[in-house]
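This briefing is meant to be read with the coordinates open beside it. It looks at one helix, at the residue that caps it, and at a serine in a neighbouring part of the sequence.

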Amino acid sequence: MKIDLPEKETVYRQNRGGLEMFHLDLWLVLLLLALAALGSAVVYSASGGDEELLWRHIIRLGLAFGIMVAFAQIPPNQIRIHTPWIFGAGIGMLIAVFLFGDLGKGAQRWLDLGFVRFQPSEIMKVALPLMLAWLFAQNTLPPASKYLLLGLGLIGLTSGLIIMQPDLGTAVLIAASGLFVVFFAGLSWRWILSAMVAVVGSLPIVWHFYMYDYQKQRVLTFLNPESDPLGSGYHIIQSKIAIGSGGLEGKGFMGSSQAHLDFLPESTTDFIFSVMAEEFGLMGVLVLLTLYFLVIARGLYMATQMQDNFARLTAASVVMTLFIYVFVNIGMVSGLLPVVGLPLPLMSYGGSSMVTLMISFGILMSFHTHKRLLSASE
């Protein structure tokens, strides 16, 4: 049935049954809750039974899920309209960090407004993919070379400002989230091969001119952690010991000797996967990976149901960004990748990164549940 609508007008049809009336996807919410519940249990164990820390984590989880629900209520056309302004504000805040940001742990990554202190780079984890999806959706796909170059320029600008803080790990991950949008927009193999050659060719320049000594040490430790087993290689060695000692079935809940005897650093945040593997073994790890796989599969399925390029590109980027975070964290604590200080989504002790993740999932569910009827002009 054809519906006559003014050009560019969007009509929404809402299914009022179950969670649809709140613009939430039942299966995705259940999977996210399962990950959050498992993460809470492991955080409690890794902290040595610290109930106060557990309650703080649960409160942060509740706040993050509440923000997800709030963002799911925003109609997609409103998100599209405000995307350039959100991205522009994010870039402005990154520049403000460079000019007069708040120092913390030797880095200038924070803005202190008096009533709140936050990292603008967290905003860019959402704003950059949205901006690139907005840019490419204005034109036919695959995008013309000038739009690809503009998109790559936005990725370079955002990543460059974050590298200057310095925060190379976050910059690389945010760049990856943007590159996913570029890839799903229909990037040709010519561009992909050219980019690979450019990246490989730039590695010596990055190493000599843009990497700090501690970042170089992380790479060297990754290549040979046993070269300094009591220094820079200590943490990754202890992490691998924890993972290996879990065996098939693990040592049981609250049984992580590596965490409870303080051999593991950041056991409730960056290295929580090591605690999980030690306590629940290979079987527990497979359950965790299955949950992540189901979240990613559900998200990609939802992306295929989107009815416009802006929603499809954003949804695909959200899901693949989750994959990158999981892949990098597990690879890091397993000694397969350099340590970059990245929490495991919905498993690590809550913080701003968890809120950013749930904002992304709220946007994903908004796009999926606000069913758009195609206009007569399409």
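The points below concern a predicted model, and they are grouped by topic.

**Ser45 and its surroundings**

- Ser45 belongs to helix 1, which covers residues 26-46, and with a relative accessible area of 0% this serine is buried.
- The side chain of Ser45 comes to 3.3 Å from the backbone nitrogen of Met254.
- Leaving aside residues up to four places away in sequence, Ser45 is in contact with Phe253, Met254, Gly255, His260 and Glu279.

**The start and the length of helix 2**

- At the N-terminal end of helix 2, Asp50 acts as a cap, with a side-chain oxygen placed 3.1 Å from the backbone nitrogen of Glu52.
- Helix 2 runs over residues 51-72, and its 22 residues, at 1.5 Å a residue, should span 32 Å; the end C-alpha atoms lie 31 Å apart, which agrees with that expectation.

**The two sides of helix 2**

- The buried residues of helix 2 are Leu53, Leu54, His57, Leu61, Ala64, Phe65, Met68 and Ala72.
- Viewed down the axis of helix 2, these buried residues fall within an arc of 110 degrees, and therefore they line one face of the helix.
- The buried residues of helix 2 pack against two other elements, namely helix 1 and helix 13 (352-369).
- On the face of helix 2 that is turned away from its buried side, the exposed residues are Glu51, Glu52, Trp55, Ile59 and Leu63.

Notes:
Residues numbered from 1 in each chain as written. Predicted model: local features only at pLDDT ≥ 70, side-chain atom pairs only at ≥ 80, totals over all residues. Heavy atoms only, no water. Helix = DSSP H or I, 4+ residues; strand = E, 2+ residues; numbered from the N terminus. Buried < 20%, exposed > 50% of the residue type's maximum accessible area, 1.4 Å probe, protein only. Polar contact = N/O pair within 3.5 Å; in protein donor to acceptor, adjacent residues only side chain to side chain. Contact = heavy atoms within 4.5 Å. Expected span 1.5 Å × (residues − 1). Arc of directions from axis to C-beta.
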